[in-house]
Amino acid sequence: MNNSNGRIRAAITAVGHYFPEKILSNADFEKMVDTTDEWIRTRTGIRERRILEHGATSDLGAKATEMLLKNRGMDAEEIEVIIVATVTPDMMFPPTACIIQEKIGARRAWGFDLSAACSGFVFALAVGRQLIETGSHKNVLVVGADKMSSITDYTDRNNCILFGDAGAAVLLEPTGEPDVGLIDQVLYCDGSGGKYLYMAGGGSLHPPTHETVDKKMHYIFQDGKSVFKVAVIGMADVSAEIMQRNNLTGNDVDYLVPHQANLRIIDACRERMGIDPSKVMINIDKYGNTTAATIPLCLSEWWHCGKLKRGHTLVLSSFGAGYTWGAILLKWAFDNPNKS
Ligand code: UT7
């Protein structure tokens, strides 16, 4: 399983996703808060998002994993590790990874949750990659899932229009083929950004009380304008950095797979990378910002419709609370046999 450098390389070998049926459209928001479809579309790119009415983040992750296992023709008992990126775990503990493990019947797996907000999936992929590349594990399931509706204040027009619920998953396995797999990663965090995007209540600093509930501390707080300014630079910089490190131009990249927070942030990133708009995976219009799920949801959707092919060069790129941000460069490893 060694590549041409004698190192084991990790590759994504299966994908799956799940989004709930209930749609919350911009027209619905016009009835809930002082907003318009036109404002939401032009400022964010969002038209609608999905809402999980019954169930929790583990249900989103479990359903995505079930699709992945079916696609891969694999039994849940073969899974060795489960990493769940989320900011909306079912509970503070046990880890949502354990709840998903039980739901899907992955009896032999160990696992844990990873909290890195909108960069959660990129960070989890970077961690999972190491577990494969050291040779210690034969597969790692990386799930990005968030029920953002559970921490959204639907009276706050600044934030409620942004978020939605979804889950998606990828499987990492070692590959012996030198021309596919995860190639490089650039990851950052900057805690000085913490004050611009957070949920204050429910943790050890502000355990839940009547007061924390009255003050709406269990909802997302975001100073959108401040986050926007940093995100637009951060996501573009880190994407350009990973391209430079690997001597890539815009022509060498087949897809930018960006975190879906705002279409204007995605556009700025694409322009900086010098790539054509047709090479950007965008589904923010359908799902809004699903936090840890955005990037794997794109990967799974594009693979399912046959647009993502073996050998494609991808840059995954994210920016989120923390601040956390990062990019991963990879070469896609497998076609959809039903679409070739
Ligand atoms: O995923 C994690 C990282 N998060 C992000 O990357 C999000 C970054 N931020 C953003 O995407 C944008 O800042 C928002 C979409 C959140 C807001 O867009 P903006 O262009 O920065 O708007 P703004 O906050 O500067 O607000 C402009 C105006 C304000 O009115 P005034 O003060 O100019 O009179 C807001 O009160 O738009 C008003 N506004 C709204 N109007 C209609 C804010 N929300 C709404 C709304 N409908 N839903």
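**View 1. Ala-117 lies in the loop between β5 (110-114) and α5 (120-133).** In this predicted model, local features are described where pLDDT is at least 70 and side-chain atom pairs only at pLDDT 80 or more, whereas totals for chains, interfaces and linings use all residues. Residues are numbered from 1 along each chain as its sequence is written, and side-chain values use heavy atoms, with hydrogens and water left out. Helices (DSSP runs of H or I, at least four residues) and strands (E, at least two) are numbered from the N terminus. Ala-117 has a phi near 50 degrees, which is a positive value in a residue other than glycine. With a relative accessibility of 10%, Ala-117 counts as buried, where buried means under 20% relative accessible area, exposed over 50% and partly exposed in between (1.4 Å probe, protein chains only).

**View 2. Lys-216 is a second residue with positive phi, in the loop between α7 (210-214) and β10 (221-222).** The phi of Lys-216 is near 60 degrees, and this residue is not a glycine. Its relative accessible area of 42% makes Lys-216 partly exposed. Most residues other than glycine have a negative phi, and most peptide bonds are trans.

**View 3. Phe-93 and Pro-94 are joined by a cis peptide bond.** The omega angle of this bond is about 5 degrees, and Pro-94 sits in the loop between β4 (81-85) and α4 (96-104). Another cis peptide bond runs from Gly-322 to Tyr-323, with omega near 0 degrees. Tyr-323 belongs to the loop between β12 (313-320) and β13 (324-331).

**View 4. Strand β1 (residues 9-18) is largely enclosed by the rest of the structure.** This description of β1 applies because nine of its ten residues are buried. Strand β1 runs antiparallel to strand β7 (residues 165-175), and nine bridges join the two; strands are taken to pair if DSSP finds at least two bridges between them. At Arg-9, the bridge partner in β7 is Thr-175.

**View 5. Arg-72 and Glu-173 meet through their side chains in a salt bridge.** The distance from N to O is 2.7 Å, a salt bridge being a side-chain nitrogen of Lys or Arg within 4 Å of a carboxyl oxygen of Asp or Glu. Arg-72 lies in helix α3 (residues 57-72) and Glu-173 in strand β7, so this pair ties together parts of the chain that are 101 residues apart in sequence. The two partners are covered as follows: Arg-72 is partly exposed, at a relative accessible area of 35%, whereas Glu-173, at 14%, is buried.

**View 6. Asp-34 and Arg-157 form a salt bridge through their side chains, at 3.7 Å from N to O.** Distant parts of the chain are linked by this pair, since Asp-34 lies in the loop between α1 (26-32) and α2 (37-44) and Arg-157 in helix α6 (residues 157-160), 123 residues apart. Asp-34 is exposed, with a relative accessible area of 61%, while Arg-157 is partly exposed at 45%.

**View 7. Lys-286 forms a salt bridge with Glu-301, in which the closest N and O atoms are 3.3 Å apart.** Lys-286 is in helix α10 (residues 284-287) and Glu-301 in helix α11 (residues 294-304), 15 residues apart, and the pair links distant parts of the chain. Lys-286 counts as partly exposed at 34% relative accessibility, and Glu-301 counts as buried at 12%. Elsewhere, Glu-177, Asp-179 and Arg-310 are joined into one network by salt bridges that share partners. The count of salt bridges by this rule comes to 15.

**View 8. Ala-293 occupies the loop between α10 and α11.** At 0% relative accessibility, Ala-293 counts as buried. The C-alpha atoms of Ala-293 and Gly-144 are separated by 4.4 Å, although these residues are 149 residues apart along the chain.

**View 9. Arg-43, Lys-225, Lys-229 and Arg-264 gather in a patch of positive charge on the surface.** Patches are made of residues with over 30% relative accessible area and no salt bridge, with like charges joined within 9 Å and nonpolar side chains (Val, Leu, Ile, Met, Phe, Trp, Tyr) within 5 Å. Lys and Arg count as positive and Asp and Glu as negative, without His and the chain ends, each charge being placed at NZ of Lys, CZ of Arg, CG of Asp or CD of Glu. Accessible areas come from the Shrake-Rupley method with a 1.4 Å probe, and for residues only the protein chains shown count as cover. Within this patch, Lys-225 is found in helix α8 (residues 224-245), and at 65% relative accessibility Lys-225 counts as exposed.
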